[in-house]
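User: Could you walk me through this model and the ligand in it? I'd like a few short questions with reasoned answers.

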Amino acid sequence: MTASPFTTLERELGAVVGAQHVSPPAISDLEDATRWTGLRGNADAVVRPGNAEQVAAAVRWCYDHDMPITVRGGGTGLSGGAVPEGGIVLSLERLNRIRTMEPEWWRCEVEAGVTTEALQRRVREAGLRYPPDPGAGEVSHIGGNLATNAGGPHAFGHGVTRAWVLGVEAVLAPGELVHLGGPTRKDVAGYDLTSLLVGSEGTLGVITAAWLRLIPPPGAEQTVIGLFPSLASAQAGIGGALTCGAVPVALELLDGGALQDAGATLPVQDAAAEWSHLTDPTHAAVLIAHLEGDLAEATAARGDALVDTWQEAGATWTAVPSAASSSALATWRDSVSGAVAARRGGKLSEDVAVPTDRVAELLEGSAAIARRHGLEHAAWGHAGDGNLHCSFLLDPTSPERRAQAADAADELFSLAIALGGTISGEHGLGRLKSGHLSAQWDPAAVAAHQAIKAALDPKGLLNPGRKVA
Ligand SMILES: Cc1cc2nc3c(=O)[nH]c(=O)nc-3n(C[C@H](O)[C@H](O)[C@H](O)COP(=O)(O)OP(=O)(O)OC[C@H]3O[C@@H](n4cnc5c(N)ncnc54)[C@H](O)[C@@H]3O)c2cc1C
């Protein structure tokens, strides 16, 4: 009798990582945060190496046996990138050590399976700050953040994950452990392979650890809110925030559709701030800016300048909330996605990005697309980066609604490209947007992607079908 695929895997990969760390996949290993779409993959086994050398040995075994590998971090991805299509799931959850924390040198070395929030907490305890703040930080891994080049609200002022990576340790095909960069802050000796791996969605190599840059926390912070009657005035508010000297590090937007759902969950903590204005969904948009500085007085003056600018831009209401209310407001902002999904039970939320001066056009166009398809619409996100989560609300149990939303999303991608933007500003292409690259990139640029993939993964076993379809 021949051994089943799992028995062979268990024996041979068990010898590499320990038998107890190879198991048949559970349903949670076959899904990510796109599970509401019904997307569920299949795999022969889940392999959980305990260190980088074991990752290298597991990749080598897979390469020798033509076995596809889907790398898995925290599984919070919103494009199906960690959803396997056969082969093994290579889960990095056991690589969860912070190898070095060197606050005196503003750097640390972290294994891929450390959660974003765990790292941020350790960095805070060390008196410093790691600014990238993607929304699912309690669950997402640093390795997943690097693989998707994750953003978040403060990416506007501080840059996306890539800006904080000094170097990566990674396993390249057919199973070689390499160190690209390291604790050194500058290095132009070779091609920028570190940056190539960051954002590669597990298609070029397996990131096992990273050296990250840290900074001191700000001495003072200020939040400013402005409510705008039209998308045109909100666009003027975005432009004004950039030119008035306020220098926000985060500039977030919720449109009227998002306010309709999220307004009901608003934390009312500061009576003077008249929060109730925010619950009025007849407004076209609310902008929330976060300012950081060294000195409280100077930072407050920048906040005042922003209030004046927003009033000139047509804001019907502005406020500078207290520190406690600002913190509650940030938590509320994080809950918007769930509040919007609750209206119809589900939503197709995209992550398109356009040049910052074209945000209003994107929002108007996206809402018009939704109307044409008979869908409700809401949008929110990182206005300073022109990166908006345009969302089509739907009953996820209705195949007809899901098909309508998918058609609407295709039109949204065309709109974003026509506005000079991108089909993905944050979540990557994963499985859901696989094949769309050629809609945005010139043929020669797509060919360059394919050449890079072929050079680094000649057998095409690393996250097959993602990014470069
Ligand atoms: C509520 C919510 C809010 C979110 N907010 C944001 C946000 O503000 N900004 C943002 O950018 N994203 C956001 N996301 C999306 C998601 O959290 C990020 O893409 C995150 O970086 C994914 O990390 P992960 O560890 O969960 O990766 P996974 O979902 O496990 O994997 C994502 C991709 O990376 C690959 N991968 C994972 N680990 C590695 C590794 N070590 N080496 C190589 N490849 C690897 C996987 O194969 C897959 O292709 C949000 C998601 C949710 C559910």
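Analyst: Happily! Two strands pair if DSSP finds at least two bridges between them, and strands (E, at least two residues) are DSSP runs numbered from the N terminus, as are helices (H or I, at least four). This is a predicted model, where local features need pLDDT of at least 70, side-chain atom pairs count only at pLDDT 80 or more, and totals for chains, interfaces and linings use all residues. Residues are numbered from 1 along each chain as its sequence is written, and side-chain values use heavy atoms, with hydrogens and water left out.

User: In what order do the 4 strands of the open sheet run?
Analyst: The pairing in this open sheet is mixed. Its edge strands, each pairing on one side only, are β1 (22-23) and β3. The order is β1-β2-β4-β3.

User: Which residue in β4 is the bridge partner of A45?
Analyst: Strand β2 (residues 45-47) and strand β4 (residues 88-91) pair in the parallel sense over 3 bridges. The β4 partner of A45 is I88.

User: Which element gives the largest share of the shell around the ligand?
Analyst: The ligand is surrounded by 34 residues, counted as near if a heavy atom lies within 4 Å of it. With 5 residues, the largest share comes from α4.

User: Between which domains does the ligand lie, and why?
Analyst: The bounds come from an automatic or database domain assignment. Both domains give residues to the shell, so the ligand lies between domain 1 (5-91) and domain 2 (98-213).
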